Amino acid sequence: MSVEGAQELAAVSARDLVKTYAQGEEAVHALRGVDVDVSVGEFVAITGPSGSGKSTLLHILGGLDHPDAGEVRLAGEAISTLSEEQLALIRRRRLGFVLQFFNLLPTLTAAENVAFPLLLDGLKDALERAHASLARVGLERRAAHRPTQLSGGEQQRVALARALVTNPEVVLADEPTGNLDSATGEEILELLRTTADAGQTIVMVTHDPRSAKFADREVHLVDGRITLAGGGLGPASMTT
Amino acid sequence: MTGTRLLLRTINVRHLLGRRVRTALTVGGVAAGVALVFSISVINLTLIDSFRASIREVAGAAEIEVAAPDAGGFPSAFVERIESVAGIDNAVPVVRSVTTASTDEVTERVEVLGITPEFTSLFPEGGSEEGPAVSIEGDFGPRGEGIILAGPLADALGIKNGEALRVQTPRGERAVTVTGVVEGAAVDLVNGGSAGVMLLPAAQSLFDKGDNIDSIYVVVDPTVSPEDAGAAIDEVLEGSAVIGPPGERGRGLERVFGGLATLLSLSGTVSLFVSLFVVYNTMAMALAERRKEISMVLALGADRRSVFGAFICEAALLGTVAAVLGIGGGYLLARVLIERAIEGFQVLPLGAAGALRVVPSQVVLAFGSGVAVAVAGAFVPARRVLNVPAIDALRPEASYEFAASRAPGWFIPAGIGVLLVSVVILPIALTTQLRLLATLGLVAGLAGVSFLLPSIVPLVVRAARPVLSKAFGPVGRLAADSLDRSPGRTTFTVAALVLTLGLVLCVGSALRSYSTQVEDTASALVGAPVYITAESFSGLGSDQPLPLSFAEKLERLPGVSFVYPIRFSFVTIDGDQGLIYAVPGEEALNRGSETSIEAITETPEEFIEGLGRGEIAISNLMARHRGLAAGDELALPTPEGSKSFRIAAIFNDLVSFDSIYIDHGVYASLWNDDKADEFGLLLEDGADPREVKERAEELIATEGLTAVALEKDELIGRIIEVVEGTFSLGQGIQFAALVVALLTIANTMFTAVLERRWELGLERAIGMSGRQVAIEVLLEAVTIGVIGGFGGALLGSASGWVMTQSMEAQFEWSIAFDLPIVLGAGVVLLGTVIAALAGVVPSRLALRASVIDSLRFE
């Protein structure tokens, strides 16, 4: 399959991504020409040591950051050149995010947190859909609780419910178990796995090899370059 | 202490320097408060000192000044009568006139002294302790009609010897040749250096004084005490003059000025109090931001008292910088406002103030206030340091733990109690003019409101939440949530706005009520369709009144049926300032004036008939002040000696000193005054006021007089302008107070944005656009503005009512409080606009913030 063809088929894909940060007087090369394609329904783990560029890659895939060079496509549509307003709409409707710490807005209940992207679009059935999404992660009874009343694991499940509520094309998770004990972390990973098995595309950043095993495929980054493409359960292809 | 110093140097000061915008806003807020207080204090002192110096310095070595009790002066023959008193070495007559002097480019308000050659004997050669040196270059010209100008005035006018100056006189503008310049410390102090000297006869002629003079400076033989000499002079003059040390004649005016100055000082105090909230917000933010750092230094072994001490020192440092800047800024502000103050405080007959007066105690007080406000504002946030757990060092910075401290239960009774104390203290302070007590009363009032607001504001914010949610969806909800979760910050910001806007509305509504009353009273009393007033008429008299004889010419104008003069004359009665209104009441009414005496007295018939019989009417304030009632007798000083008048009626007035109505004919003959400040023109049936006004204008131009013709409504409008002009300086101060409020809200919104950086980043990560986040921040600011605006409208209306009642009680005025609905709506709008302005930059900050940076914890 041609490169262009793989991009068009992928849920999310990146070509020749370059990102350099200035840290003091030094330039930090976070990404040095990364190509990646994630197929629809695939669960990909991006791994690597600290400073390898994995979070930067996730941020660029999610339209939170712009690459210095290269291109990102979401379901074949180039998003790297979109405006901030257009990217906000994409994050709201077509992507879901699960972060490591404090994923939830503290003043909203669990249901309101989940409903938030729908509420931004003014959907009248937002709360109804939020309850359904909470039910998917087994938290329908905690819908009226605020983040401070939830455990760390519950908070991450609420975050996952929010990420799923819009039926996004891709869920992006940045160290979703990094702040949890191992048992709770495993519960979250199983939930992600189940979600992926149901056809949801997931890209997860993790530094933990045990977490990566839940994914269909592992992409290993070192110093801003992909050094290993493992797994291979899904139809993705990678180049370095 | 070592720990505190170390922490201050290594952490606190570096943070201050690192957060430049916030530090600048905080310092700016406190500095603005200090600047206001300092500038008001400098302006007050400068005006009062200039006034005293104007009176005293000109007296040189004289121990006694014998002054005319009113503007008409007394006969120069008094000089000989005084010289006949045993123990008097010298008696030097002076004519004094405040006027405007112009060149083609410049116009200055000037005090012109008419002196005799003996005047220089008051200033011994080379100067001495009794009187500074005066050096004169030039003379009074070959015919003795020239004017010698004070050096600063000659410089200001840019005029040289031999050139002509246009001077306003009762007979119109006259050209006077400058024939010399006088220099010296004493000269610089007379009317702020804006003074000129002429020979006595020339001045008497120029200012149409006839044979009258205004003061006599008396040098007493060293063997006689000035008190004994004064008593002997009083006996000779039979109570027809004000006798005392030079400056005594100004005491009454000083007391009147004191009341106005007290009110002005209180406006400054509010600003300084409001700036306390700026510091509170900054230090609360600093604590939130450095929580991890604090817990780390605690984990490393620092004791909490050192950390607390470092915070307090940081605040003191901010306060010190702010106080220094505020004092500098206040001095500059005073320089800008002093001219406006002179125009506003027309009760002090000053043309210019000269150099600003600053005494060390003012600087110390302003400096101390700045530092104290900063430390007080920081105290509550700094105390929270004592509760930061060391374990926080090991947690990420962002957390769900809000600093949602609710107001303690004792705040409400404390607030009510302190408010009550204020309500008791303030009227006493205003009546006694004890400025420190008034400041304490005001601070108690502000503190009382500040105690109550933490219980009220969160309730209002919670009530606003559904409204915001409904109107703005999730963005509105998040904005309301943000306000609700930081009740301290929200309350303090709202409080700053409530107090500032409350001050604006309080003064505004009281002034409006007063102005409305003045307008109503003026509308009732102004009974002629056309008036001619001296151009220099300020509402309470004129620098250069018009000659009484002008009435005859006015009466010959086609369409005019009758002309009556009105004279306002300040008179000193037993050392207190009084104002005589001389009006031909009965005659004017008989000839068709529509004056409604009923508007000011319950006994209009007694009033009019009494004045017709040569009796007087006195104001309610004067009746209370002197324990007088209708039927009593009151002695007034006249050039012919003290004369007793029967009080025919009591009337309501709207001035803050004693006032008296008397028939103009009686006044003119007893006081030998041939001037008028205004002429009322009654018209023949069918005559058009506009046409008569135009004819009068032509006559004024033909006669070369400096007068204006006004129709009835124009005169009323001019009176209102004068009233509002008196308060214009206060309005300037209020504007500056609003700037402090703006800084407070801007500071709060910066705090809110920085404190929730992570949260705003998350909102954007999950789909909110930058614009929506910016709107959220702006909505927070606007909500604060709306709540502050409504709070300010409520507080301002209530305090305006209290102030009106207090003015009524203090001055025996009768004012109907005018509920300021339009002004109140304006205040709500003003609060909203200020808040929106203050929220613009922080919202742009939120808009521009990088989502990635916001989500990063390291």
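This is a guided tour of a predicted model, with a suggested selection at each stop.

**Chain A: the four-stranded sheet**

Begin by selecting strands β2, β1, β4 and β5 of chain A, which form an open sheet in that order with antiparallel pairing. The edge positions belong to β2 (26-38) and β5 (77-78) of chain A, each of which has a single partner strand, so one side of each is left without a neighbour in the sheet. If you then narrow the selection to β1(A), residues 12-23, and β2(A), you will find an antiparallel pair held over ten bridges, and a convenient place to inspect the register is A:T20, whose bridge partner in β2(A) is A:H29. Add helix α2 of chain A, residues 54-61, which packs on this sheet and touches β1, β2 and β4 (69-74) of chain A, with a direction that makes about 125° with that of β1(A).

**Chain A: a buried strand and a buried helix**

Next select strand β3 of chain A, residues 43-47, where five of the five residues are buried. In a regular strand the side chains alternate between the two faces of the sheet. In β3(A), A:F43, A:A45 and A:T47 point one way while A:V44 and A:I46 point the other way, and all of them are buried. Now bring in the strands that pair with β3(A): strand β8 (residues 201-205) of chain A runs parallel to β3(A) and is joined to it by four bridges, and A:F43 stands opposite A:I202 there. Strand β9 (residues 217-222) of chain A also pairs with β3(A) in the parallel sense over four bridges, with A:V44 opposite A:R217.

Move on to helix α4 of chain A, residues 110-120, which is mostly covered, since eleven of its eleven residues count as buried; among them are A:E112, A:N113, A:F116 and A:P117. Following α4(A), select A:G122, whose phi is positive, near 70°.

**The side of chain B that touches chain A**

Show both chains together: 24 residues of chain B are in contact with 23 residues of chain A. On the chain B side, the elements that give two or more residues are α13 (435-485), α23 (757-765), α24 (770-811) and α26 (851-855), and α23(B) gives the most, with six residues. Colouring this side of chain B by residue class gives 14 nonpolar, four polar and six charged residues.

**Chain B: an overview and a helix pair**

Hide chain A and look at chain B as a whole, which has 26 helices and 23 strands. Of its 858 residues, 56% count as buried, and among contacts in chain B between residues at least 6 apart in sequence, 84% join residues at least 24 apart.

Within chain B, select helix α2 (residues 20-56) and helix α11 (residues 360-383), whose axes come within 10 Å and cross at roughly 160°. An angle over 145 degrees counts as roughly antiparallel, and α2(B) and α11(B) are therefore roughly antiparallel to each other, with a right-handed crossing. To see the contact itself, display side chains including B:V34, B:V37 and B:F38 from α2(B) and B:A366, B:G370 and B:V373 from α11(B); the residues of this contact divide into nine nonpolar, five polar and no charged.

Before leaving α2(B), pick B:S54, which lies in this helix. Is B:S54 buried or exposed? With 27 C-beta neighbours inside 10 Å, B:S54 counts as buried, the threshold being 20 or more.

**Chain B: the nine-stranded sheet**

For the last stop, select the open sheet of chain B with the order β18-β19-β17-β20-β16-β15-β22-β13-β23, in which the pairing is mixed. Its edge strands are β18 (633-638) and β23 (707-711) of chain B, each pairing on one side only, and the twist averages 30° from one strand to the next. Inside the sheet, β13 (residues 530-534) and β22 (residues 678-683) of chain B form an antiparallel pair over four bridges, where B:T533 has B:E678 as its bridge partner. Helix α20 (residues 689-703) of chain B packs on the sheet, touching β13, β15 (560-573), β22 and β23 of chain B, and its direction makes about 180° with that of β23(B).

Finish by drawing a C-alpha to C-alpha distance from B:E678 to B:S54: the two are 624 residues apart in sequence and 28 Å apart in space.

Terms used
Residues are numbered from 1 along each chain as its sequence is written. Chains are lettered from A and ligands numbered from 1 in the order in which they are written. This is a predicted model: local features need pLDDT of at least 70, side-chain atom pairs count only at pLDDT 80 or more; totals for chains, interfaces and linings use all residues. A residue is buried if 20 or more other C-beta atoms lie within 10 Å of its own, exposed if 12 or fewer, and partly exposed in between; C-beta atoms are placed from the backbone. Two strands pair if DSSP finds at least two bridges between them. Two residues are in contact if their C-beta atoms, placed from the backbone, lie within 7 Å. Ala, Val, Leu, Ile, Met, Phe, Trp, Tyr, Cys and Pro count as nonpolar, Asp, Glu, Lys and Arg as charged, and the others, Gly among them, as polar. Axes are lines fitted to C-alpha atoms, for helices over the stretch in contact, and angles run from 0 to 180 degrees between N-to-C directions. Angles under 35 degrees count as roughly parallel, over 145 as roughly antiparallel, 65 to 115 as roughly perpendicular and the rest as oblique. A crossing is left-handed if the near helix is turned anticlockwise from the far one by less than a right angle, and right-handed if clockwise.
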